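Student: I have a structure open and would like to learn how to read its features one at a time. Where do we begin?

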Amino acid sequence: MAESLAPTEVPLVGDFSTYSPNPAFADARVGVVTFPGTLDDRDAARAVRLAGGTVVELWHDDADLKNVDAVIIPGGFSYGDYLRAGAIAAKAPVMRSVIDAANAAGTSGSAPLPVLGICNGFQILTESHLLPGSMIKNDHRKFICRDQILRIENNSTSWTSNYAAGQEIVVPLKNQDGQYVADQKTLEALEAEGRVVFRYVGFNPNGSRNDIAGISNERGNVVGLMPHPEHAVEPGFGPSSSGFGEVSLRGGADGLGVFTSVLANLINAR
């Protein structure tokens, strides 16, 4: 028999927690790049909108970044992952502009562009040499899709400042070429300089060195990670657990902080 509820009680079903973005976030323009074979551009755009930002669509064959304040390179299988995952996309006209903007010296008042690469976007960032190392086939040679616990190792980047250092979150992961590799000198530098941003907890899904799930460049404006925070931004539609435990219909939105972080940093910098 169903449990009776008092008139003042609210049933659990449909009881979704909501996030109220800062209205000022709408002034931040975030570009989302689409390549042939991109799968998650709409998901990334939705994440930005839910966080309160304004989305600007960017096309791979267009070098114009349309005066965006940040760029997301989303997941998928750009150009079918021919040659190497991300290798062809890294040569696209839009990426030449992204590279220049991300490496801007800031001498003429222009700050380096915040850039986030998710999954295939992470692969594109390594192929573009905006991030060190490389992504190769998973050590088990199979595609994997699962909810994954991550630990925030560095919360001082443009994309993680709304998290606490050491905080654990749960976001979906889905990849085939997700094994992060680098030479020992590079790995030691990443660890010593605090540039490991996300680390796998409890289970390494692809054999990545040092359980690395995501890294940053030296400035912290460029971040790449294999798991998909954009799939964990809306209560009731993300993972059924989070870094805080079981969340039922009220959570599963651990990834939203990635997008609110960059929006807050952009607005606060003005």
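Tutor: Begin with a feature inside the fold, and keep in mind that this is a predicted model. The largest cavity is lined by Gly76, Phe77, Asp81, Cys119, Asn120, Gln123, Asn175, Gln176 and Asp177.

Student: How many cavities of 30 Å³ or more are there, and how much space lies in the largest cavity?

Tutor: A cavity is a space where a 1.4 Å probe fits but cannot get out. The count here is one cavity of 30 Å³ or more, and the largest cavity holds about 40 Å³ of space.

Student: How does the lining of the largest cavity divide into nonpolar, polar and charged residues?

Tutor: Two of its residues are nonpolar, five are polar and two are charged.

Student: What about the largest pocket: how much space lies in it, and what lines it?

Tutor: A pocket, unlike a cavity, is an open set of points. In this model the largest pocket has about 370 Å³ of space. Its lining has 17 residues, and those nearest the centre are Asp69, Ala111, Pro112, Pro114 and Leu266. By class the lining comprises nine nonpolar, five polar and three charged residues.

Student: Back to the cavity lining. Where is Phe77 found, and what surface patch does Phe77 help to make?

Tutor: Phe77 is found in the loop between strand 3 (70–73) and helix 2 (93–102). With Leu39 and Phe143, Phe77 makes a nonpolar surface patch of about 290 Å². Patches are made of residues with over 30% relative accessible area. Phe77 has a relative accessible area of 35%, so Phe77 counts as partly exposed.

Student: Asp81 also lines the cavity. Is Asp81 buried or exposed?

Tutor: The cut-off for buried is under 20% relative accessible area. Asp81 has 18% relative accessibility and therefore counts as buried. Like Phe77, which lies in the loop between strand 3 and helix 2, Asp81 is found in that loop. Look at its backbone as well: phi of Asp81 is near 60 degrees, a positive value in a residue other than glycine.

Student: Which other residue that is not a glycine has a positive phi of about 60 degrees?

Tutor: Arg141 has a positive phi of about 60 degrees. Arg141 lies in the loop between strand 5 (134–136) and strand 6, and its relative accessible area of 62% makes Arg141 exposed. A further case is His129, just after helix 3, with a positive phi of about 65 degrees.

Student: How should I read helix 3: how many of its residues are buried?

Tutor: In general, an α-helix has 3.6 residues a turn, so residues three or four places apart point the same way. To read a helix, go through its residues and ask which are buried. In helix 3 (residues 120–127), eight of the eight residues are buried, so helix 3 is largely enclosed by the rest of the structure. Among them are Phe122, Ile124 and Leu125, together with the charged Glu127. Two residues of this buried set, Asn120 and Gln123, also belong to the cavity lining.

Student: Now the salt bridges. How many does the structure hold?

Tutor: A salt bridge needs a side-chain nitrogen of Lys or Arg within 4 Å of a carboxyl oxygen of Asp or Glu. The structure holds nine salt bridges. In one of them, Asp40 pairs with Lys174, and the closest N and O atoms are 3.2 Å apart. Asp40 lies in the loop between strand 1 (29–34) and helix 1 (41–51) and Lys174 in strand 7 (residues 168–175), so the pair ties together parts that are 134 residues apart in sequence. Asp40 is buried at 5% relative accessibility, whereas Lys174 is partly exposed at 24%.

Student: Which residues are linked in a network of salt bridges?

Tutor: The network links Arg151, Glu153, Glu191 and Arg199. Arg199 forms a salt bridge with Glu153, with the closest N and O atoms 2.4 Å apart. This pair links distant parts of the chain, 46 residues apart: Arg199 is in strand 9, and Glu153 is in the loop between strand 6 (144–152) and strand 7. Arg199 also forms a salt bridge with Glu191, where the closest N and O atoms are 3.0 Å apart. For exposure, Arg199 is buried at 13% relative accessibility, Glu153 is partly exposed at 29%, and Glu191 is partly exposed at 31%.

Terms used. Residues numbered from 1 in each chain as written. Predicted model: local features only at pLDDT ≥ 70, side-chain atom pairs only at ≥ 80, totals over all residues. Heavy atoms only, no water. Patch = residues over 30% accessible without salt bridge, like charges linked within 9 Å, V, L, I, M, F, W, Y side chains within 5 Å. Areas by Shrake-Rupley, 256 points an atom, 1.4 Å probe, with all protein chains shown as cover. Helix = DSSP H or I, 4+ residues; strand = E, 2+ residues; numbered from the N terminus. Buried < 20%, exposed > 50% of the residue type's maximum accessible area, 1.4 Å probe, protein only. 1 Å grid on protein atoms, 1.4 Å probe; cavity = no way out; pocket = protein on both sides within 12 Å on 5 of 7 lines; lining within 4 Å. Points joined across faces, edges and corners; volume = space filled by probe spheres on them.
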